[in-house]
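Grab a pencil and work through these exercises with the structure open beside you. Try each task before you read its solution.

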Amino acid sequence: MQVSLCIVFYLIVCQCMFVTPVTLTAMTLERYVAICLPLRHPELCSLHNTQKCILIILTVSSVPCFIIVSTFIAAASSSVYTQHKLCSMEMFVPLPWQNHFKFAVYQFYFFIMSITITFSYVKV
């Protein structure tokens, strides 16, 4: 598969991989609002705010994907995009610092989501 097409597929798959835990984190915040702020729940969880929340979830879950692809684009030569290679995640992290950076981003997201979920359940 051509590398440029693989980048598109990777962005879609990465988006799907990150959107699930971010959505579950948002659901715990919604549960916190429903239980701890019952009188404000209809106001905070209106259709308009739900649409904003979905947009925020999609944006937040796409940031790590674009960071990883950006580091790949910055480090790769222009001839790489026309080559045919096996499309895999390892293709986007050819250098050790990119792999460390990828894991740092994953750990940052895990930390933020863990803090948010813990806060929500402790307050409930």
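**Exercise 1.** Find Phe110 and decide: is Phe110 buried or exposed?

*Solution.* Start with the location: Phe110 sits in helix 4. Keep in mind that you're looking at a predicted model. Next, take the relative accessible area of Phe110, which is 59%. The cut-off for exposed is over 50%, so Phe110 counts as exposed. Last, pick a partner: Ser46 is 64 residues away from Phe110 along the chain, and their C-alpha atoms are 28 Å apart.

**Exercise 2.** Now try two serines. Which class does Ser70 fall in, and which class does Ser78 fall in?

*Solution.* Step one is to place them. Ser70 belongs to helix 3, while Ser78 is in the loop between helix 3 and helix 4. Step two is to compare each value with the cut-offs: under 20% is buried, over 50% is exposed, and anything in between is partly exposed. Ser70 has 42% relative accessibility, so Ser70 is partly exposed. Ser78 comes in at 65%, so Ser78 is exposed.

Step three is to check some distances. From Ser70 to Phe92 you go 22 residues in sequence, and the C-alpha atoms are 9.5 Å apart in space. Ser78 and Leu37 are 41 residues apart along the chain, with 53 Å between their C-alpha atoms.

**Exercise 3.** Head over to helix 1, residues 3–36. Which residues make up the nonpolar surface patch that includes Phe9?

*Solution.* First, find Phe9 in helix 1. Its relative accessible area is 40%, so Phe9 is partly exposed. To join a patch, a residue needs over 30% relative accessible area, and Phe9 has 40%. Now add the partners: Met1, Leu5, Val8 and Ile12 form the patch together with Phe9, and the accessible area of the patch is about 440 Å².

While you're in helix 1, look at Met17 too. With a relative accessible area of 45%, Met17 is partly exposed. Its C-alpha atom is 25 Å from that of His84, a residue 67 positions away along the chain.

**Exercise 4.** Hunt for salt bridges. How many are there, and which side chains meet?

*Solution.* You need a side-chain nitrogen of Lys or Arg within 4 Å of a carboxyl oxygen of Asp or Glu. Arg40 and Glu43 pass this test, at 3.3 Å from N to O. The total count is one salt bridge. As for the surroundings of Arg40, a relative accessible area of 41% makes this residue partly exposed.

**Exercise 5.** Describe the largest pocket. How much space does it hold, and what lines it?

*Solution.* Begin with volume: about 600 Å³. Then count the lining, which comes to 23 residues. Ala26, Met27, Leu29, Cys53 and Ile57 lie nearest the centre of the pocket. Now ask where the lining comes from: helix 1, helix 3 (47–75) and helix 4 (96–123) each supply at least two residues. Finally, sort the lining by class, and you get 16 nonpolar, five polar and two charged residues.

Terms used:
Residues numbered from 1 in each chain as written. Predicted model: local features only at pLDDT ≥ 70, side-chain atom pairs only at ≥ 80, totals over all residues. Heavy atoms only, no water. Patch = residues over 30% accessible without salt bridge, like charges linked within 9 Å, V, L, I, M, F, W, Y side chains within 5 Å. Areas by Shrake-Rupley, 256 points an atom, 1.4 Å probe, with all protein chains shown as cover. Helix = DSSP H or I, 4+ residues; strand = E, 2+ residues; numbered from the N terminus. Buried < 20%, exposed > 50% of the residue type's maximum accessible area, 1.4 Å probe, protein only. 1 Å grid on protein atoms, 1.4 Å probe; cavity = no way out; pocket = protein on both sides within 12 Å on 5 of 7 lines; lining within 4 Å. Points joined across faces, edges and corners; volume = space filled by probe spheres on them. Nonpolar A, V, L, I, M, F, W, Y, C, P; charged D, E, K, R; others polar.
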